[in-house]
There are 2 protein chains.
Amino acid sequence: MQTKVGIGIDIGGTFTKMAAVEPSGKVLREIQIPTNSGQEASRFVRRICSLVHLMESELDVSAAGVGLGLAGDVDSERGILRFAPSLSGWNNFNFKRAFARRIDRAIVVDNDANMAVWGGYVVELKRRPANVIGVALGTGVGGGVILQGKLYGGSTGSAGEIGHTRIERGGARCRCGGRGCLEAYVGSYGIVRSAKELLKKWPGKKSGLRSLAAGSGKLTPQLIAQAADKGDPVAREVWSRAGACLGLGLANLVLVFNPDVLLILGGVSRAGKWLIDPVLKEMAAQPFRTPFKRVTVRLAKNHNFGCVGAALLALDRRA
Amino acid sequence: MQTKVGIGIDIGGTFTKMAAVEPSGKVLREIQIPTNSGQEASRFVRRICSLVHLMESELDVSAAGVGLGLAGDVDSERGILRFAPSLSGWNNFNFKRAFARRIDRAIVVDNDANMAVWGGYVVELKRRPANVIGVALGTGVGGGVILQGKLYGGSTGSAGEIGHTRIERGGARCRCGGRGCLEAYVGSYGIVRSAKELLKKWPGKKSGLRSLAAGSGKLTPQLIAQAADKGDPVAREVWSRAGACLGLGLANLVLVFNPDVLLILGGVSRAGKWLIDPVLKEMAAQPFRTPFKRVTVRLAKNHNFGCVGAALLALDRRA
């Protein structure tokens, strides 16, 4: 018997990734193409749909469902991209309808962070705990909320915007224009900014980051994590601060959602213990114990669940 | 035909309130007795159960359900009061079992804020929007979360602890021992503290609050609201600050829950426009629009839904 296959598509600002995925999360085939958001959305969808058909014929399967994740504010019911700074030419385009015209499959459209969190949920938390909050740490900070085993979208499909919850009144400037958002402290640009500020504040402190910071744009969370591994005091302080901020933001979510698991995904989470230890310390310091005794903090092993999650959600909705 | 009646009981630190309530929320009979948490819980429950029977015989009804709200952390499934600073003698007591021994009715046990929010939801939002976050502003700040028309308890029944979400790292001291909790700014003690601080900071500013603040413990949110009505500049600034903090805390909830309605209950909400105008201003200033365009902020007209909500939840669970 042939295995069931879902096809997931993750349209980001720069790249579009596609994967044919089994229900277990096993990836059978992957493609990556540049996202050309300068061209008309309908033309780009046509190209994607040809690639879906190509994948199907190469694997000799007919996909049971197609999932599409979009980097922006998505009306998942109607399948419309409402607003996306990095895909601005395609705002208000109805992706679901455009796909349905070309592909005779169940189409699921949602925010890319929701898709990634769903992927992490299915693949990494095999026992599917009832209530899971996922936070995806990349350049920006996205999130997804799973309640009673289902992706919770809220009243307009915008739930889980964890990155823009604010942890400090009048705090650090965020890309969104606001101040004090969680993203401004734990998004990759916030972490790099924090490192540059610390280097300036501690001019005498020896640090391998100093030469990196001088070369414009070279400093990344990954390099800061490597420096921390080698004992760099500035790098360690950067993570200690970022982790404390993340811990505070996550503690707020534990208080309102009382989840079983907090799942941390995305590239920044590769920092591992440098990020997670201060988070756990923050959790342990909470006065209101019950929900914190319950919750487990998990770092996802795979950091790129975008199209896998989209494929799995499409399969799940078909089941 | 006789109308269906639920009996709600709200055990607070000082008083216990009981009400016989119709499904519409109409209160047929009310009783208030002092909470004597020095005595054994089982004896107190026996007394309450006698009063339930008394109410039933006076009204010539048999209650369809009994709801119990407790001011603390409640295991609503098992009906245990896990932890309550103001009812500390009764920690870990199984109220559900104690009631079930004496009353042959469906018993629903939950946190008092959840009960109050449920009451406000049924009585004040008659069309029952799907997703509603309620915040109860009293001495402390409690909350309740209604998702898809149902009270959401989270994994241990502790969801909705809005009062202890933090809006400022290292901010004002909260009763819970933490810093920067929403409650520390918009609980009644936080508001009174803020007034006293402002009076100290502005020694030359004329204010009717000054003489009140000198007499110990006389200053209340209600008096500060009355002063604001009369144009007192210190009082107005107190509300402007408290409202901005509440707005920030509520905006965080809008971002993660994407609800239809934010329902504000509790005594402090009597301040009306002094509290709500800065909340709306904060909401309007949010960069991420979709969820904020959707949500409506409602001040409950009735400020004391504790036992009404308990009765209604018991009726709802029976239906």
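Author: Rings of Phe, Tyr and Trp, the last taken by its six-membered ring, form a pair if their centres lie within 6.5 Å. The model discussed here is predicted.

Reader: How many aromatic pairs does the rule find over all chains?

Author: The rule rests on the distance between ring centres, with a cut-off of 6.5 Å. Applied over all chains, it gives a count of 9 aromatic pairs.

Reader: Is the pair of A:Phe93 and A:Phe95 stacked or edge-to-face?

Author: A pair of aromatic rings is described by the distance of the centres and the angle of the planes. For A:Phe93 and A:Phe95 the centres are 4.9 Å apart and the planes stand at 85°. Planes over 60 degrees apart fall in the second class, so the pair of A:Phe93 and A:Phe95 is edge-to-face.

Reader: Is A:Phe95 buried or exposed, and which aromatic cluster holds this residue?

Author: The relative accessible area of A:Phe95 is 0%. Because the limit for a buried residue is under 20%, A:Phe95 counts as buried. Its aromatic cluster consists of A:Phe44, A:Trp90, A:Phe93 and A:Phe95.

Reader: Which three residues of chain A supply more of the area buried against chain B than any other three?

Author: Contact between the chains involves 45 residues of chain A and 45 residues of chain B. Together the two chains bury about 3,700 Å², with 56% of it on carbon and sulfur atoms. Of the area that chain A buries against chain B, 21% is supplied by A:Arg166, A:Arg169 and A:Val256.

Reader: Which residue of chain A forms a salt bridge with B:Arg169?

Author: Across the interface of chain A and chain B there are 4 salt bridges by the rule. In the one formed by B:Arg169, the closest N and O atoms are 3.0 Å apart, and the cut-off is 4 Å. The partner of B:Arg169 is A:Glu168.

Reader: Which element gives the largest share of the side of chain A that touches chain B?

Author: Between the chains, 30 residue pairs are in polar contact. On the side of chain A, the elements giving two or more residues are β10 (141–147), α8 (233–257) and α10 (290–294). The largest share, 8 residues, comes from α8(A).

Reader: Which residues are in contact with B:Gly243, leaving aside its neighbours within four places in sequence?

Author: B:Gly243 belongs to helix α8 of chain B, residues 233–257. With a relative accessible area of 0%, B:Gly243 is buried. Apart from its neighbours within four places in sequence, the residues in contact with B:Gly243 are B:Leu275, B:Pro278 and B:Val279.

How values were computed: Residues numbered from 1 in each chain as written. Chains lettered and ligands numbered in written order. Predicted model: local features only at pLDDT ≥ 70, side-chain atom pairs only at ≥ 80, totals over all residues. Heavy atoms only, no water. Contact = heavy atoms within 4.5 Å. Buried area = accessible area lost by both parts, 1.4 Å probe. Salt bridge = Lys/Arg side-chain N within 4 Å of Asp/Glu carboxyl O. Polar contact = N/O pair within 3.5 Å; in protein donor to acceptor, adjacent residues only side chain to side chain. Helix = DSSP H or I, 4+ residues; strand = E, 2+ residues; numbered from the N terminus. Phe/Tyr/Trp six-rings, centres within 6.5 Å; stacked < 30°, edge-to-face > 60°. Buried < 20%, exposed > 50% of the residue type's maximum accessible area, 1.4 Å probe, protein only.
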